[in-house]
Amino acid sequence: MERLLQEVLSRLVRAGNLTIVLANGRRLACGDGTGQPIVVRFADRGAQFAVLADPYLKLGELFMDGRLVMEQGSVYDLLELVLRESHGQKPALSARMLSGVRFALRRWKQRNRGARSKANVAHHYDLDAGLYDLFLDSDRQYSCAYFERPDMSLEEAQLAKRRHITSKLLIEPGQNVLDIGCGWGGLGLYLAEFTDADVVGVTLSEEQLSLARRRAQDRDLARRVEFRLQDYRAVPETFDRIVSVGMFEHVGVGYYDAFFSAVSRLLKKDGVALLHTIGRTDGPGFTNPWIDKYIFPGGYIPALSEVAESIQRVGLIVTDVEILHLHYAETLRHWRERFLARRDDARRLYDERFCRMWEFYLAASEATFRAGEMVNFQVQLVHEQTAVPMTRDYIAQREAELRARDGGEAPLRMAGE
């Protein structure tokens, strides 16, 4: 088994400076010796076998359980090296076979209807509210920020994201907007405050709903913003504008037609919709099994081809597609650094195993975006092509107008205050 592990790692890691310490104390050197030294120790022989048998699932589990120990460097350093080196390489036959099985079962794993969908949302978003205050910005934006400049703070970049999305929606005062998957209400509150729109935000998370409603009251916006515990498929009204940010990843590939059919039904004939979602760059796939088991059960990140095919089937028109590359990597870097700086607070909320799980989740996500396997899509949709201008000049113009209104700075208070 040690010889097989050495062979696999030597083929996988050709650059870099990785040392694997086996359970018996033997050290395996991988890479060309350049760069930051990374030293990983297996606590037992069973851990060595597990990572060979199913690295996509077991690497994270072993780290959570303390059976994969970082002796030099961080788990992010390890994952960034492995993903960077493996990018473009053809996986081993056993890995391809296991991936084939997971791809075949993906629709069954993503059965997101009714109570199951609500339970999947609660698994992640109904965690202790204090956890998200440890690493998110003051507005609790839990999606990709928009870094107009490399030196932007997380607060500035999340405000820029809200401004960028709002500009693409072309909202006029008095129009009504539906926010599908409204989170803790930050975008809906921004739309109401700075575009004078009437907003309905829907979520399946009771924790998110409670805070969103409280924030609307605190900011004297409750008359303009209504937050509901409601499935988007059950919304009865029609809207001038529809936006969905960071929610589509929870829909499941078998429900794309249902999602876009709902958008088509809910969007007025002269309306504009915007979908903001994580997307994969390498075509249709399956959800990483560790992420599915521990972080986002029932979730799936789509390829652009899967999104486009479903949009075409329901008859909506795509009028703009923007790819945000590396923006989420930078967002996740901020989240990871903030979480690690307050790791002791997280341990007081949960325990050490949870902290290792959350660190692995943030590290793996950032490394995946940096390796080029994931980006963000922003897709603008209409029924009628005349609903949006012929050129994209309006985006920058509206951003400038919003910047003058919102002051260009995010509030410094915490979202829950």
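Modeller: Rings of Phe, Tyr and Trp (its six-membered ring) count as a pair if their centres lie within 6.5 Å; planes under 30 degrees apart are stacked, over 60 edge-to-face, and the rest tilted. Please keep in mind that this is a predicted model, where local features need pLDDT of at least 70 and side-chain atom pairs 80 or more, while totals for chains, interfaces and linings use all residues. Residues are numbered from 1 along each chain as its sequence is written, and side-chain values use heavy atoms, without hydrogens or water.

Biologist: Happy with that! Which residues form one aromatic cluster?

Modeller: Tyr132, Phe135, Tyr142, Trp184, Phe296, Tyr328, Trp335, Tyr350, Phe354, Trp358, Tyr361 and Phe369. The whole structure holds 24 aromatic pairs.

Biologist: What makes the pair of Tyr328 and Trp335 edge-to-face?

Modeller: Their centres are 5.8 Å apart and their planes meet at 80°. That angle falls in the edge-to-face range, so the label fits.

Biologist: And why is the pair of Tyr328 and Phe369 called tilted?

Modeller: Here the values are 4.9 Å centre to centre and 45° between the planes. An angle of 45° belongs neither to the stacked range nor to the edge-to-face one, so tilted is what remains. This pair links distant parts of the chain, 41 residues apart: Tyr328 sits in helix 15 (residues 327-341) and Phe369 in helix 17 (residues 352-370). Helices here are DSSP runs (H or I, at least four residues), as are strands (E, at least two), numbered from the N terminus. Tyr328 and Phe369 are both buried, and Trp335 is buried too.

Biologist: How do you know that Arg140 lies over the face of Trp184?

Modeller: The test asks for NZ of Lys or CZ of Arg within 6 Å of the ring centre and within 35 degrees of the ring normal. Arg140 is at 5.0 Å from the centre of the Trp184 ring. Likewise, Arg336 lies over the face of Tyr76, at 4.1 Å.

Biologist: Why is Leu159 called buried?

Modeller: Its relative accessible area is 3%, and buried means under 20%, exposed over 50%, partly exposed in between (1.4 Å probe, protein chains only). Leu159 belongs to helix 9, where 15 of the 16 residues are buried.

Biologist: How do you know that the span of helix 9 is close to the one expected?

Modeller: Helix 9 (residues 154-169) reaches 23 Å from its first C-alpha to its last, against 22 Å expected. The expectation is 1.5 Å times one less than the number of residues. After helix 9 comes Leu170, with a positive phi near 55°; this residue is not a glycine. At 7% relative accessible area, Leu170 is buried as well.

Biologist: Is Asp196 buried or partly exposed?

Modeller: Asp196 counts as partly exposed, because its relative accessibility is 29%. Asp196 lies in the loop between helix 10 (186-195) and strand 6 (198-203), and has a positive phi of about 60° without being a glycine.

Biologist: One last puzzle: what makes helix 12 and helix 14 oblique to each other?

Modeller: Helix 12 (residues 256-266) and helix 14 (residues 304-314) pack at about 50°, with their axes 9 Å apart. Axes are lines fitted to C-alpha atoms, for helices over the stretch in contact, and angles run from 0 to 180 degrees between N-to-C directions. Under 35 degrees is roughly parallel, over 145 roughly antiparallel, 65 to 115 roughly perpendicular and the rest oblique. An angle of about 50° fits none of the other three classes, so the two helices are oblique.
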